[in-house]
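Please look through the sequence and the model below before reading on. The paragraphs that follow go from single residues to helix pairs and back.

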Amino acid sequence: MRADRVFAYGAAAGLLGDLLLGDPRRGHPVAAFGRAAGAVERVLWRDHRGWGALHTAVCVGGAVSLAAVADRSVRTSRIASVALTAAATWSVVGGTSLGREARAIGGALAAGDIEVARERLPHLCGRDPQALDADGIARAVVESVAENTSDAVVGALVWGAAAGVPGLVGFRAVNTLDAMVGHRSAKYRRYGWASARLDDVVGWPGARLTAVLAAVAGSDPRGAVRAWRADAVKHPSPNAGPVEASFAGALGVRLGGTLSYAGRVEHRPVLNGGGRAVEVGDIERAVRLSRRVGLLALGASVAGRLLVNGLRTKGRTS
């Protein structure tokens with residue numbers, strides 16, 4: 001079976017597995033990678049960019065190498081190749097768990113239980129929940145759903161289409177490592193620099209595809225494109241900017257503004273300033289938009305892989 005068809009069948013099966021089952025409760029491969037990366041950090045940590053770059057190379061390189069060995073070992077079996085791609089896809093995408101967490105917080109807010117919402121918010125993002133009222137929590141959830149649609153679904157599918165199982169695993173390894181050491185705390189400002197920059201690079205194509213698909217799948221395509229073009233560059237993140245701006249325009253809401261991370265206050269630019277303030281009901285709308293974007297991303301990734309393979313085949317035979 002051709003590699004493009006292996007990816008198509010495997011990625012579809014893996015995404016279906018995520019839709020039906022969500023993340024495994026125990027023994028999640030991403031959690032295992034996180035523990036291994038933490039062990040490497042305990043050995044290598046120095047307040048120095050070079051040691052941080054070595055940490056990134058060891059962790060990401062090790063994950064990609066293992067994935068490549070596994071991929072090569074099943075290449076002679078079509079069924080095993082599809083099964084491995086499906087398992088890898090299911091392991092690295094997290095759209096269903098993302099939606100569940102967002103809806104749980106939205107349900108608590110709808111019931112007027114802001115304390116429960118505050119308790120659950122750290123499961124979704126790194127905001128300081130005690131600094132947020134109900135509307136602030138709702139805005140944080142919508143922003144997190146937007147950003148994680150790219151990080152937890154679309155980006156993985158894009159790299160899976162480009163490089164198969166090693167691409168799927170490598171993208172998730174980079175993204176996980178950035179979440180662990182890529183933030184701008186005193187401890188990781190230098191040590192996490194390489195992980196953060198690598199995450200910016202590998203996240204670039206998925207973020208742009210997410211922004212495009214949010215415009216296509218949202219209720220206001222023109223508003224999404226307008227917000228993306230006007231406001232994305234104002235965001236401090238080169239990848240979160242286009243995604244959050246496009247989601248804001250597609251949903252007709254206003255994102256950005258003041259937020260707090262572990263006691264550090266940031267004043268971020270407003271995205272889609274002409275939109276209304278986020279309400280609790282917008283959490284469900286954001287989750288549904290995220291789901292549509294993920295399904296469209298699967299189609300776009302498979303189509304892209306088939307197209308590239310077709311062009312290569314035509315070039316060899318002409």
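Does S81 count as buried or exposed? S81 has 8% relative accessibility, so S81 counts as buried, where buried means under 20% relative accessible area, exposed means over 50%, and partly exposed lies in between (1.4 Å probe, protein chains only). This is a predicted model, in which local features need pLDDT of at least 70 and side-chain atom pairs count only at pLDDT 80 or more, while totals for chains, interfaces and linings use all residues. Residues are numbered from 1 along each chain as its sequence is written, and side-chain values use heavy atoms, with hydrogens and water left out.

S81 has its place in helix 4. Helices (H or I, at least four residues) and strands (E, at least two) are DSSP runs, numbered from the N terminus. Leaving aside neighbours within four places in sequence, S81 is in contact with V6, V74 and R75; contact means heavy atoms within 4.5 Å.

The partner V6 leads to a helix pair. V6 of helix 1 is among the residues that meet helix 4, together with F7, Y9, G10, A11, A13, G14, L15, G17, D18 and L21. On the side of helix 4, the residues met are S81, V82, T85, A86, T89 and W90. By class, this contact of helix 1 with helix 4 has 10 nonpolar, six polar and one charged residues. Here Ala, Val, Leu, Ile, Met, Phe, Trp, Tyr, Cys and Pro count as nonpolar, Asp, Glu, Lys and Arg as charged, and the others, Gly among them, as polar.

Helix 1 (residues 3-21) and helix 4 (residues 78-92) pack at an angle of about 40 degrees, and their axes are 7 Å apart. Axes are lines fitted to C-alpha atoms, for helices over the stretch in contact, and angles run from 0 to 180 degrees between N-to-C directions. Helix 1 and helix 4 are therefore oblique to each other. In these terms, angles under 35 degrees count as roughly parallel, over 145 as roughly antiparallel, 65 to 115 as roughly perpendicular and the rest as oblique. The crossing of helix 1 past helix 4 is right-handed; a crossing is right-handed if the near helix is turned clockwise from the far one by less than a right angle, and left-handed if anticlockwise.

A second pair is formed by helix 3 (residues 49-73) and helix 8 (residues 193-217), which pack at about 55 degrees with axes 7 Å apart. That angle makes helix 3 oblique to helix 8. R49, G52, A53, T56 and V60 of helix 3 make the contact with W193, A194, S195 and L198 of helix 8. Five nonpolar, three polar and one charged residues take part in the contact of helix 3 with helix 8.

A third pair is helix 9 (residues 221-231) and helix 10 (residues 240-251), whose axes come within 7 Å and cross at roughly 145 degrees. Helix 9 and helix 10 cross in a right-handed way. Their contact is made by G223, A224, A227 and W228 of helix 9 and by P242, A245, S246, G249 and A250 of helix 10. By class, six nonpolar, three polar and no charged residues make up the contact of helix 9 with helix 10.

Next comes the nonpolar core. In soluble globular proteins, nonpolar side chains tend to be buried together. A nonpolar core is a set of buried Ala, Val, Leu, Ile, Met, Phe, Trp, Tyr and Cys residues joined through side-chain atoms within 4.5 Å. The largest such core has 71 residues, of which I105, L121, I137 and V141 touch the most other members. Helix 7 (residues 134-181) gives the largest share of this core, 21 residues.

Not counting residues up to four places away in sequence, I137 touches I105, L109, I114, A117, R118, L121 and L132. One of these, A117, lies in helix 6 (residues 114-120) and is buried, with a relative accessible area of 0%. I114 is also found in helix 6, but I114 counts as partly exposed at 24% relative accessibility.

Two further residues remain. E143, found in helix 7, is buried with a relative accessible area of 2%. N272 lies in the loop between strand 2 (264-271) and strand 3 (276-277), and has a positive phi of about 60 degrees although N272 is not a glycine.
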